[in-house]
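Q: Please take a close look at one part of this structure: the nonpolar core. Which residues make it up, and what lies around it?

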Amino acid sequence: MSSVLEQRALKWIPLALVTAVALAGCARDEGFFDDRNLDYVDAEPASPLVLPDTRNPQRYRDILPVPDVSGQRAQDGIADVRPPQPLTIGRIGDEDYVTNREIGDRRWLVVAADPSRVWPQLEGFVRQRGLDVQERRASEGVLVTSQAAFRVQPALREGATEVRCERDGQSMASCLDALEGYLSNAASSQTASATASSWNAQRQDSDTPIALRQRGDTWEVVAPFEADRVWADVHHYLAKDFDQADERELLAADPDSRTFLVSYLSREQRDRSLLQVVTFTDTSELAQEIRVTVESRGDESVLRAEATGDQPLSENAQRELLERIASYLR
(Lines give C-alpha, C1' and ligand atoms only; values in the text may rest on other atoms or scores of the structure.)
Protein backbone atom coordinates (compact mmCIF):
# COMPACT_ATOMS: atom_id res chain seq x y z
CA MET A 1 0.00 0.00 0.00
CA SER A 2 2.78 2.41 0.92
CA SER A 3 4.58 1.73 -2.38
CA VAL A 4 1.48 2.75 -4.31
CA LEU A 5 1.25 6.05 -2.41
CA GLU A 6 4.94 6.68 -2.98
CA GLN A 7 4.51 6.15 -6.74
CA ARG A 8 1.57 8.60 -6.84
CA ALA A 9 3.55 11.22 -4.91
CA LEU A 10 6.50 10.86 -7.28
CA LYS A 11 4.23 11.62 -10.26
CA TRP A 12 3.55 15.12 -8.86
CA ILE A 13 7.22 16.05 -8.38
CA PRO A 14 7.91 17.04 -12.06
CA LEU A 15 4.79 19.22 -12.17
CA ALA A 16 5.74 20.93 -8.92
CA LEU A 17 9.26 21.63 -10.22
CA VAL A 18 7.96 23.10 -13.52
CA THR A 19 5.51 25.32 -11.63
CA ALA A 20 8.22 26.58 -9.27
CA VAL A 21 10.57 27.41 -12.14
CA ALA A 22 7.81 29.25 -14.05
CA LEU A 23 6.86 31.34 -11.03
CA ALA A 24 10.49 32.14 -10.31
CA GLY A 25 10.94 33.41 -13.86
CA CYS A 26 7.96 35.78 -13.53
CA ALA A 27 9.09 37.35 -10.27
CA ARG A 28 11.58 40.05 -9.46
CA ASP A 29 12.63 41.50 -6.16
CA GLU A 30 9.90 44.14 -6.52
CA GLY A 31 7.11 41.61 -7.16
CA PHE A 32 5.51 39.69 -9.96
CA PHE A 33 4.92 42.73 -12.25
CA ASP A 34 7.85 44.56 -13.81
CA ASP A 35 7.75 48.39 -13.72
CA ARG A 36 9.22 49.24 -17.13
CA ASN A 37 9.98 52.81 -16.06
CA LEU A 38 13.00 51.33 -14.29
CA ASP A 39 14.36 50.15 -17.63
CA TYR A 40 15.15 53.75 -18.63
CA VAL A 41 17.11 54.68 -15.47
CA ASP A 42 20.44 53.31 -16.69
CA ALA A 43 19.68 53.31 -20.41
CA GLU A 44 22.60 54.14 -22.68
CA PRO A 45 22.78 54.48 -26.47
CA ALA A 46 24.28 51.54 -28.31
CA SER A 47 26.94 51.87 -30.97
CA PRO A 48 25.39 53.42 -34.08
CA LEU A 49 24.95 51.45 -37.25
CA VAL A 50 27.28 52.41 -40.08
CA LEU A 51 25.48 53.36 -43.30
CA PRO A 52 26.88 52.39 -46.69
CA ASP A 53 28.75 55.12 -48.56
CA THR A 54 25.91 55.27 -51.10
CA ARG A 55 23.45 56.50 -48.44
CA ASN A 56 23.01 60.15 -47.47
CA PRO A 57 23.30 60.27 -43.64
CA GLN A 58 21.19 63.46 -43.51
CA ARG A 59 18.12 61.39 -44.42
CA TYR A 60 18.37 59.19 -41.33
CA ARG A 61 18.07 59.72 -37.57
CA ASP A 62 17.62 57.67 -34.40
CA ILE A 63 14.39 55.63 -34.37
CA LEU A 64 14.38 54.74 -30.66
CA PRO A 65 16.66 57.25 -28.91
CA VAL A 66 17.28 57.22 -25.17
CA PRO A 67 14.87 59.80 -23.68
CA ASP A 68 16.47 63.13 -22.79
CA VAL A 69 15.95 63.75 -19.07
CA SER A 70 17.99 66.92 -18.77
CA GLY A 71 16.14 69.68 -16.97
CA GLN A 72 13.49 67.29 -15.62
CA ARG A 73 13.05 66.53 -11.96
CA ALA A 74 13.65 63.02 -10.78
CA GLN A 75 11.88 61.48 -7.82
CA ASP A 76 13.60 58.60 -6.04
CA GLY A 77 16.15 58.50 -8.84
CA ILE A 78 13.54 57.99 -11.59
CA ALA A 79 12.69 60.72 -14.10
CA ASP A 80 9.11 61.00 -15.36
CA VAL A 81 9.65 60.88 -19.12
CA ARG A 82 7.74 59.29 -21.97
CA PRO A 83 9.34 56.23 -23.61
CA PRO A 84 10.51 56.55 -27.24
CA GLN A 85 7.77 56.70 -29.85
CA PRO A 86 7.43 53.26 -31.49
CA LEU A 87 7.10 52.79 -35.21
CA THR A 88 3.47 52.54 -36.34
CA ILE A 89 1.71 50.91 -39.25
CA GLY A 90 1.51 54.18 -41.15
CA ARG A 91 5.21 55.04 -41.03
CA ILE A 92 6.63 55.69 -44.51
CA GLY A 93 10.21 54.63 -45.05
CA ASP A 94 13.02 55.84 -47.36
CA GLU A 95 11.72 59.43 -47.55
CA ASP A 96 13.62 61.85 -49.81
CA TYR A 97 15.82 64.44 -48.12
CA VAL A 98 13.75 67.26 -49.66
CA THR A 99 10.03 66.94 -50.43
CA ASN A 100 7.28 69.37 -51.47
CA ARG A 101 4.12 70.43 -49.66
CA GLU A 102 1.31 72.52 -51.08
CA ILE A 103 -2.24 73.60 -50.41
CA GLY A 104 -3.99 75.90 -52.85
CA ASP A 105 -1.42 78.41 -54.12
CA ARG A 106 0.83 77.98 -51.07
CA ARG A 107 3.90 75.82 -51.45
CA TRP A 108 6.95 75.04 -49.31
CA LEU A 109 9.71 72.47 -48.85
CA VAL A 110 10.19 69.94 -46.05
CA VAL A 111 13.79 68.93 -45.36
CA ALA A 112 14.64 65.79 -43.39
CA ALA A 113 17.01 67.60 -41.00
CA ASP A 114 16.80 69.88 -37.98
CA PRO A 115 16.56 73.66 -38.60
CA SER A 116 20.02 74.12 -37.08
CA ARG A 117 21.42 72.11 -40.00
CA VAL A 118 19.17 73.56 -42.69
CA TRP A 119 19.87 77.23 -41.82
CA PRO A 120 23.57 77.19 -42.86
CA GLN A 121 22.57 75.36 -46.03
CA LEU A 122 20.10 78.13 -46.80
CA GLU A 123 22.81 80.74 -46.21
CA GLY A 124 25.03 78.82 -48.61
CA PHE A 125 22.29 78.92 -51.25
CA VAL A 126 21.92 82.69 -50.83
CA ARG A 127 25.70 83.21 -51.17
CA GLN A 128 25.90 80.97 -54.24
CA ARG A 129 23.10 82.92 -55.94
CA GLY A 130 24.69 86.23 -55.02
CA LEU A 131 21.49 87.50 -53.39
CA ASP A 132 21.65 90.79 -51.53
CA VAL A 133 20.80 90.09 -47.87
CA GLN A 134 18.77 92.93 -46.34
CA GLU A 135 17.76 91.31 -43.07
CA ARG A 136 18.88 88.23 -41.14
CA ARG A 137 17.10 87.01 -37.99
CA ALA A 138 18.58 83.59 -37.37
CA SER A 139 16.76 82.96 -34.08
CA GLU A 140 13.43 83.45 -35.91
CA GLY A 141 14.47 81.64 -39.08
CA VAL A 142 14.01 84.71 -41.31
CA LEU A 143 16.35 85.71 -44.13
CA VAL A 144 15.21 88.62 -46.33
CA THR A 145 16.86 89.46 -49.65
CA SER A 146 15.99 91.97 -52.35
CA GLN A 147 14.59 89.13 -54.50
CA ALA A 148 12.69 87.01 -51.93
CA ALA A 149 12.10 86.36 -48.26
CA PHE A 150 13.11 82.96 -46.85
CA ARG A 151 11.61 81.45 -43.71
CA VAL A 152 12.79 78.35 -41.87
CA GLN A 153 10.80 76.67 -39.10
CA PRO A 154 10.45 73.22 -37.49
CA ALA A 155 8.20 70.89 -39.48
CA LEU A 156 5.33 68.89 -38.02
CA ARG A 157 7.42 65.74 -37.76
CA GLU A 158 10.30 65.84 -35.30
CA GLY A 159 13.72 66.23 -36.89
CA ALA A 160 12.38 67.88 -40.08
CA THR A 161 12.27 71.50 -41.27
CA GLU A 162 9.91 73.60 -43.39
CA VAL A 163 11.50 76.12 -45.76
CA ARG A 164 9.53 78.83 -47.56
CA CYS A 165 10.52 81.26 -50.29
CA GLU A 166 8.02 84.09 -50.81
CA ARG A 167 7.63 87.53 -52.32
CA ASP A 168 4.83 89.79 -51.10
CA GLY A 169 3.35 86.82 -49.25
CA GLN A 170 3.17 84.64 -52.40
CA SER A 171 5.13 81.43 -52.88
CA MET A 172 7.84 81.61 -55.57
CA ALA A 173 7.88 78.36 -57.52
CA SER A 174 11.16 79.07 -59.37
CA CYS A 175 12.93 79.92 -56.11
CA LEU A 176 11.67 76.75 -54.41
CA ASP A 177 12.70 74.59 -57.37
CA ALA A 178 16.24 76.03 -57.31
CA LEU A 179 16.44 75.71 -53.53
CA GLU A 180 15.22 72.10 -53.67
CA GLY A 181 18.00 71.21 -56.09
CA TYR A 182 20.62 72.94 -53.96
CA LEU A 183 19.51 71.30 -50.70
CA SER A 184 19.34 67.87 -52.32
CA ASN A 185 22.98 68.23 -53.36
CA ALA A 186 24.15 69.89 -50.14
CA ALA A 187 27.26 68.39 -48.61
CA SER A 188 26.29 65.87 -45.92
CA SER A 189 29.30 66.93 -43.81
CA GLN A 190 27.96 70.45 -43.19
CA THR A 191 27.65 71.06 -39.46
CA ALA A 192 25.13 73.07 -37.45
CA SER A 193 25.84 76.75 -36.86
CA ALA A 194 26.03 78.62 -33.56
CA THR A 195 22.30 79.35 -33.80
CA ALA A 196 21.42 75.83 -32.62
CA SER A 197 20.42 77.04 -29.15
CA SER A 198 18.00 79.53 -30.70
CA TRP A 199 16.46 76.75 -32.76
CA ASN A 200 15.98 74.62 -29.66
CA ALA A 201 13.93 77.41 -28.13
CA GLN A 202 11.81 77.59 -31.28
CA ARG A 203 10.90 73.88 -31.25
CA GLN A 204 7.31 72.92 -30.62
CA ASP A 205 6.34 72.30 -27.00
CA SER A 206 6.88 68.59 -26.31
CA ASP A 207 4.15 68.67 -23.64
CA THR A 208 1.46 69.02 -26.35
CA PRO A 209 1.89 65.90 -28.49
CA ILE A 210 -0.50 64.68 -31.14
CA ALA A 211 -3.37 62.97 -29.30
CA LEU A 212 -5.94 60.37 -30.30
CA ARG A 213 -9.13 60.96 -28.30
CA GLN A 214 -12.56 59.39 -28.05
CA ARG A 215 -15.71 61.49 -27.76
CA GLY A 216 -18.68 59.19 -27.27
CA ASP A 217 -18.74 56.84 -30.27
CA THR A 218 -16.37 59.02 -32.31
CA TRP A 219 -12.58 59.08 -32.46
CA GLU A 220 -10.55 62.16 -33.41
CA VAL A 221 -6.91 63.21 -33.70
CA VAL A 222 -5.89 66.55 -32.17
CA ALA A 223 -2.67 68.04 -33.55
CA PRO A 224 -1.10 71.28 -32.20
CA PHE A 225 -0.49 72.67 -35.70
CA GLU A 226 -2.18 74.97 -38.22
CA ALA A 227 -4.82 73.17 -40.30
CA ASP A 228 -3.25 74.02 -43.69
CA ARG A 229 0.10 72.55 -42.63
CA VAL A 230 -1.59 69.41 -41.32
CA TRP A 231 -3.65 68.96 -44.50
CA ALA A 232 -0.56 69.37 -46.70
CA ASP A 233 1.48 66.83 -44.70
CA VAL A 234 -1.37 64.30 -44.58
CA HIS A 235 -1.91 64.73 -48.33
CA HIS A 236 1.77 64.07 -49.02
CA TYR A 237 1.80 60.80 -47.07
CA LEU A 238 -1.64 59.60 -48.16
CA ALA A 239 -0.49 59.89 -51.76
CA LYS A 240 2.49 57.64 -50.93
CA ASP A 241 0.77 55.21 -48.58
CA PHE A 242 -2.78 54.87 -49.91
CA ASP A 243 -1.89 53.30 -53.24
CA GLN A 244 -3.20 49.75 -52.89
CA ALA A 245 -6.47 49.05 -54.66
CA ASP A 246 -9.14 47.15 -52.71
CA GLU A 247 -7.22 47.77 -49.45
CA ARG A 248 -6.38 51.46 -49.08
CA GLU A 249 -6.54 54.07 -51.84
CA LEU A 250 -6.64 57.86 -52.03
CA LEU A 251 -9.63 58.76 -54.23
CA ALA A 252 -9.73 62.56 -53.97
CA ALA A 253 -8.22 65.50 -52.09
CA ASP A 254 -9.90 68.90 -51.70
CA PRO A 255 -7.67 71.67 -50.26
CA ASP A 256 -10.54 74.19 -50.11
CA SER A 257 -12.56 72.10 -47.65
CA ARG A 258 -9.47 70.36 -46.24
CA THR A 259 -10.93 66.91 -46.87
CA PHE A 260 -9.79 63.60 -48.32
CA LEU A 261 -11.83 60.79 -49.81
CA VAL A 262 -10.27 57.38 -49.32
CA SER A 263 -11.20 53.76 -49.83
CA TYR A 264 -10.16 51.74 -46.80
CA LEU A 265 -10.41 48.10 -45.78
CA SER A 266 -10.13 47.88 -41.98
CA ARG A 267 -8.56 45.00 -40.11
CA GLU A 268 -11.92 43.66 -39.00
CA GLN A 269 -13.15 43.77 -42.59
CA ARG A 270 -10.02 41.99 -43.79
CA ASP A 271 -10.60 39.22 -41.25
CA ARG A 272 -14.18 38.93 -42.46
CA SER A 273 -13.03 38.81 -46.08
CA LEU A 274 -10.81 35.79 -45.35
CA LEU A 275 -13.87 33.89 -44.19
CA GLN A 276 -15.79 34.95 -47.29
CA VAL A 277 -12.96 33.78 -49.54
CA VAL A 278 -13.22 30.34 -47.95
CA THR A 279 -16.98 30.33 -48.52
CA PHE A 280 -16.57 31.63 -52.12
CA THR A 281 -18.38 34.92 -51.33
CA ASP A 282 -17.66 38.13 -53.29
CA THR A 283 -15.27 40.38 -51.32
CA SER A 284 -14.81 43.26 -53.81
CA GLU A 285 -17.24 45.58 -52.01
CA LEU A 286 -15.81 45.27 -48.48
CA ALA A 287 -13.62 48.40 -48.56
CA GLN A 288 -15.52 51.46 -47.32
CA GLU A 289 -15.46 54.94 -48.83
CA ILE A 290 -14.44 57.32 -46.03
CA ARG A 291 -14.17 61.09 -45.79
CA VAL A 292 -11.31 62.39 -43.64
CA THR A 293 -11.66 66.02 -42.54
CA VAL A 294 -9.04 68.39 -41.12
CA GLU A 295 -10.85 71.02 -39.04
CA SER A 296 -9.24 74.19 -37.69
CA ARG A 297 -9.71 74.83 -33.99
CA GLY A 298 -7.64 77.91 -33.12
CA ASP A 299 -3.97 76.90 -33.14
CA GLU A 300 -4.96 73.22 -33.24
CA SER A 301 -6.28 70.91 -35.93
CA VAL A 302 -8.80 68.12 -35.47
CA LEU A 303 -8.97 65.13 -37.81
CA ARG A 304 -12.10 63.02 -38.09
CA ALA A 305 -13.19 60.12 -40.30
CA GLU A 306 -16.72 59.12 -41.33
CA ALA A 307 -18.18 56.78 -43.92
CA THR A 308 -19.91 58.32 -46.93
CA GLY A 309 -22.32 55.43 -47.49
CA ASP A 310 -25.21 53.96 -45.55
CA GLN A 311 -23.01 51.64 -43.50
CA PRO A 312 -21.47 53.61 -40.61
CA LEU A 313 -17.76 53.39 -39.82
CA SER A 314 -17.22 51.24 -36.74
CA GLU A 315 -15.33 52.57 -33.72
CA ASN A 316 -12.49 50.11 -34.32
CA ALA A 317 -12.18 51.12 -37.97
CA GLN A 318 -12.21 54.83 -37.04
CA ARG A 319 -9.44 54.38 -34.54
CA GLU A 320 -7.37 52.18 -36.85
CA LEU A 321 -7.53 54.64 -39.75
CA LEU A 322 -6.90 57.74 -37.60
CA GLU A 323 -3.95 56.06 -35.86
CA ARG A 324 -2.42 55.41 -39.25
CA ILE A 325 -2.91 59.03 -40.35
CA ALA A 326 -1.66 60.40 -37.01
CA SER A 327 1.58 58.49 -37.48
CA TYR A 328 2.33 60.63 -40.54
CA LEU A 329 2.62 63.68 -38.29
CA ARG A 330 4.90 62.20 -35.63
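A: The answer starts at the core and then works outward.

A word on the source comes before that. This is a predicted model: local features need pLDDT of at least 70, side-chain atom pairs count only at pLDDT 80 or more, and totals for chains, interfaces and linings use all residues. Residues are numbered from 1 along each chain as its sequence is written, and side-chain values use heavy atoms, with hydrogens and water left out.

The largest nonpolar core has 36 residues. Such a core is a set of buried Ala, Val, Leu, Ile, Met, Phe, Trp, Tyr and Cys residues joined through side-chain atoms within 4.5 Å. Buried means under 20% relative accessible area; exposed is over 50%, and partly exposed lies in between (1.4 Å probe, protein chains only). Seven names stand out for touching the most other members: Val-230, Val-234, Phe-260, Ile-290, Val-292, Leu-303 and Leu-321. Two or more residues each come from β4, β11, α5, β14, β15, β16 and α7. Helices (H or I, at least four residues) and strands (E, at least two) are DSSP runs, numbered from the N terminus. Helix α5 gives the largest share, 7 residues.

Zoom in on Phe-260. Leave aside its neighbours within four places in sequence. Its contacts (heavy atoms within 4.5 Å) then include Trp-231, Val-234, His-235 and Leu-238. Ile-290, Val-292 and Val-294 are also among them.

Another core lies apart from this one, with 22 residues, among them Leu-122, Ala-138, Ala-148 and Leu-183.

Now the surroundings. The loop between β13 and β14 holds Arg-258. Its phi is positive, near 55°, in a residue other than glycine. Most residues other than glycine have a negative phi. Arg-258 counts as partly exposed because its relative accessibility is 23%.

Strand β4 also gives residues to the largest core. It pairs with β3 in the antiparallel sense, over 6 bridges; pairing requires that DSSP finds at least two bridges. Val-98 stands opposite Val-111. The two strands form a hairpin with 2 residues between them. Gly-104 in that turn has a positive phi of about 65°.

Leu-122, one of the second core's residues, is also one of the buried residues of α2. This helix is mostly covered, with 11 of its 15 residues buried. Trp-119 and Phe-125 are among them. What about its length? The expected span is 1.5 Å times one less than the number of residues. For α2 that gives 21 Å, and its end C-alpha atoms are 21 Å apart, so the two agree. Gly-130 follows the helix, with a positive phi near 65°.

One cross-link remains. A search of the whole structure finds 1 disulfide, meaning a pair of cysteine sulfur atoms within 2.5 Å. It joins Cys-165 to Cys-175, S to S 2.0 Å. Cys-165 is in strand β8 and Cys-175 in helix α3, 10 residues apart. The link is right-handed, with 105° about the S-S bond. Cys-165 is buried because its relative accessible area is 0%. Cys-175, at 10%, therefore counts as buried too.

Asp-168 lies in the loop between β8 and β9. At 74% relative accessibility, it counts as exposed. Its phi is positive, near 55°.
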